[in-house]
Amino acid sequence: MTDRRDDVDAGRRQFVGWGVAMAGATLAPGVMLFDLAHGRAPEAPAPRGVRWGMLVDATRCAPDCNACIVACAKEHGLPDGKRSTDAQWIRKVELKDLRSGRALGAPVMCQHCAKPPCVDVCPTGASFKRADGIVLVDRHTCIGCRYCMLACPYQARSFVHEPVVNPQPDVPRGKGCVESCTLCVHRIDRDRAPACVEACAAAGHRALVFGDLNDPGSEIAKRVASYATAPLRPGLGLDPGVRYHGI
Amino acid sequence: MPPVAANPQSESRRYWGLVALAALLALAGYAAAHHMDVNGHAVTGMDNRVVWGLPHVFAILMIVAASGVLNVASIGSVFGQAEYKARAPLAGLLCIALLAGGLFVLMLDLGRPERMVVAATHYNFTSVFAWNVFIYTGMFAVAAAYLWTLMERRMSRWSGPLGVAALVWRFVLTTGTGAIFAFLVARPAYGSALLPPLFIVLSFAWGLAVFLVAQAAAYAWCGRALPEAIHARMRRLLGVFVAAALYFSLVHHLVNAYFAQQQAFERFLLVDGGLYPLLYWGAFVAAGSVAPLALLWRRGAPSAASTLAAALLVLLGAFAWLYVFVIGGQAYPQPIFPGFDARSSFGDGAIARYAPRWPELVLGIGGVALAALVTLVGARAFAFVPEDPATTPAPAARGAGAD
Amino acid sequence: MRRATALARAALLIAAGAAVVLASGIEARVPRPAHDTPKGERCVENTEFMRRNHMKLLVHQRDRTVREGVRTKAHSLANCVDCHAGATTRSVIARGPDGSEGFCAGCHAYVGVTLDCFECHAATPRAAATAAAEERP
């Protein structure tokens, strides 16, 4: 009985997924910013062959725009990030070349490393990497030791310093645990792109491209193959899933 | 413990007064942790940039000293020095007490302290933290078993092997503690293979300093004087350890300062970082190393007061060294965009400011108080105060195992 | 339970009193929690099974969802909340103005079992939470 209902759900979800895909395509004419052809059924686990990634094009990141940060905070019910104890899953770093003075900016979030130091150091295994490359915290087993925050080379993690009121139904979060960008895993599992990517496209900048790095036909893989992109702190050899262009 | 005080009643009152004070402070530490647990760590000075603060300085100091204090026992059991052998029980007790105090602080500072059972049932064996769960609990077991062989005559033939086990285990423990930082590739302050050996050398000095303070207190309590020869040997040993610790720390910074990519960080920590250079040079190098060395190595008859002062200064220096290492190491921003001036709402490119607040301070002091409490209770329940051949005429029965 | 209104308490006592005749006297001493959950068609499993096993289903589903990304609805906590939230409170833990207990909190208090799901998870249905989020400036 429940199975059949799930099947109906799956069908509907796929339909909705395609709808969103079309909307995305319309939003950014001529450029598919995310690939939603994966159409996974709800009962199927995250696939092993996929490597979700993000391309940040710093040349397109507009100076006064923070649409991605606003969208992330809304999606996940995060505080406004005014205090140093507030969680910030994505932040905009304003950069100035020390030699030339060239100014640019780019968002930084969890880089979803293939060899994540946070996962290595976590004593309970709460920090883990999903089969499709997304690095997450299982907050059912996180004890709040913050060792992962010390280990992360991108300052990407936040500790929840206060009790959380009214969490979003899809984004449970609570005091005493560490958290970071989930790449909007709850959306990816429903064939939707991360909130920041949608917001960037809606703001007309298209500085963020999301997709499967392992699929040569995907927009992100094509771009990575056609112009210079690099991860942050490449010398550490962590093979991040987030890559940058124009820095 | 042989009570020698003139008036047993007032001696007893003083003892229970001390026990009550330590218990009260430990309880205050627990209450502070409860306050942090209910309201979240926002009530502390820690934030998303400085994620480990004062509690970790206290905890690491106690855990490193716990491993170092066992050296006193090892010198007796493993290397056969009779004067140190007489001190093995007190050293074992201090090891257990300091470990308990350190873990008390570390566990109560967790974001979810009620989930200790998760830490005990879910292990990620690539994590040095997970290894340390076994190493720390194992240290309790080894130290307790070792104490048993020292105090129970029928078990005394095992005190040799267990002394070796305790020696090996304490090296493993300090290695595990140093490796917590050695394994961190992210930050210029950490990620060095020198850190575990550096921590071991630091543990020698800090552990012996704690032992000398406790021994001085025990002797003063009993109204006895430490035999001159033993006193002189322990002073010299502390001097060697303090010099070695200073040397290792200076070499660590020298090598870092040689690397162009590390120079900005070393400059911050040792030159223009405000509080951190002050603590490193003033509190660790001058007050915590050079001054004790001057006290310990000066000519003339050693005075008990100068030894105690030197030991206390070493512990002050230890606290300062850890404050610089743990908090200074986090305060400096990570080099995510080398060659760029970086600014963000999350503190990129900026020095993080850390101002400890009362809950974390009270929790740290609570841990020290718990260590004191365990020592006080243990020392009264068993005969832990060293009895030396010079003061007690019949020493032969004590610790016959390791010759 | 202390704060339950007299009316609800009386009703519960009567109901519990009837139970005394059938079962042991123990239940009479602790009033059973009342909740105002709208009656749906049926739960994902039968009631007796859910009473005893909902926690096992939830833990199983939790690991499948978090670790593997499986997001079937039937045994997900959000799905429980969607149906079992109180009619007026729109919550599974909040107490209603009529003294009714939240579906989850009331029963957990009754059996004396800690309920910590909602320290992190939303206790309100998706639709209500989304509406609240929209209202926020």
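This section describes three chains of a predicted model, their folds and the contacts between them.

Chain A is a good place to start. Seven helices and nine strands make up its secondary structure. Buried residues account for 56% of its 247 residues. Contacts in chain A also reach far along the sequence: among those between residues at least 6 apart, 63% join residues at least 24 apart.

Helix 2 of chain A, residues 67-76, gives a helpful view of the interior of this chain. Eight of its ten residues are buried, so the helix is largely enclosed by the rest of the structure. The buried positions are A:Ala67, A:Cys68, A:Ile69, A:Ala71, A:Cys72, A:Ala73, A:Glu75 and A:His76. Their packing partners in chain A are strand 2 (90-97), strand 3 (103-109), helix 6 (195-202) and strand 8 (208-212). Just after helix 2 of chain A comes A:Gly77, with a positive phi near 65 degrees.

A second view is offered by A:Tyr244, a residue of strand 9 (residues 242-245) of chain A. This tyrosine has 22 C-beta neighbours inside 10 Å and therefore counts as buried, the cut-off being 20 or more. Leaving aside residues up to four places away in sequence, A:Tyr244 touches A:Val56, A:Ala58, A:Ala106, A:Thr229, A:Ala230 and A:Leu232. The pair A:Tyr244 and A:Thr59 shows how distant parts of the sequence are brought together: 185 residues separate them along the chain, whereas their C-alpha atoms are 9.7 Å apart in space.

Attention now turns to chain B and its helices. Helix 6 (residues 128-151) and helix 7 (residues 159-182) of chain B have axes that come within 9 Å and cross at roughly 155 degrees. An angle over 145 degrees counts as roughly antiparallel, and these two helices of chain B are therefore roughly antiparallel to each other. The crossing of helix 6 with helix 7 of chain B is left-handed. By class, the residues of this contact comprise 19 nonpolar and six polar, with no charged residues.

Helix 7 of chain B has a further partner in helix 2 (residues 54-77) of chain B; the axes of this pair come within 9 Å and cross at roughly 155 degrees. Helix 2 and helix 7 of chain B are therefore roughly antiparallel to each other, and their crossing is left-handed. On the side of helix 2 of chain B, the contact is made by B:Ile60, B:Ile63, B:Val64, B:Ser67, B:Leu70, B:Ala73, B:Ser74 and B:Ser77. These residues meet B:Ser159, B:Gly160, B:Gly163, B:Ala166, B:Leu167, B:Arg170, B:Leu173, B:Thr174 and B:Thr177 of helix 7 of chain B. The contact of helix 2 with helix 7 of chain B has eight nonpolar, eight polar and one charged residues.

Confidence in chain B can be summarised briefly. Its mean pLDDT is 91, and 94% of its residues reach 70 or more. Residues 1-5 of chain B have pLDDT below 50, and this stretch has 13 contacts in the model beyond near neighbours in sequence. Residues 391-403 of chain B also have pLDDT below 50, with 23 contacts beyond near neighbours in sequence. Where pLDDT is low, the predicted coordinates should not be read in detail.

Chain C is built from six helices and zero strands. From the N terminus on, its elements run α-α-α-α-α-α. Of the 137 residues of chain C, 25% count as buried. Among contacts in this chain between residues at least 6 apart in sequence, 51% join residues at least 24 apart.

The contacts between chains complete the picture. The contact of chain B with chain A takes 38 residues from chain B and 46 residues from chain A. On the chain B side, helix 5 (116-121), helix 6 and strand 1 (340-343) each supply at least two residues. Strand 1 of chain B gives the largest share of this side, four residues. The side of chain B that touches chain A divides by class into 18 nonpolar, 13 polar and seven charged residues.

Chain A also touches chain C, in a contact that takes 24 residues from chain A and 19 residues from chain C. Helix 1 (residues 2-27) of chain A gives the largest share of the chain A side, three residues. By class, the side of chain A that touches chain C has ten nonpolar, five polar and nine charged residues.

Key:
Residues numbered from 1 in each chain as written. Chains lettered and ligands numbered in written order. Predicted model: local features only at pLDDT ≥ 70, side-chain atom pairs only at ≥ 80, totals over all residues. Buried ≥ 20, exposed ≤ 12 C-beta atoms within 10 Å, placed from the backbone. Contact = placed C-beta atoms within 7 Å. Nonpolar A, V, L, I, M, F, W, Y, C, P; charged D, E, K, R; others polar. Axes fitted to C-alpha atoms, helices over the stretch in contact; angles between N-to-C directions. Parallel < 35°, antiparallel > 145°, perpendicular 65-115°, else oblique. Left-handed = near helix turned anticlockwise from the far one by under 90°. pLDDT = per-residue confidence, 0-100.
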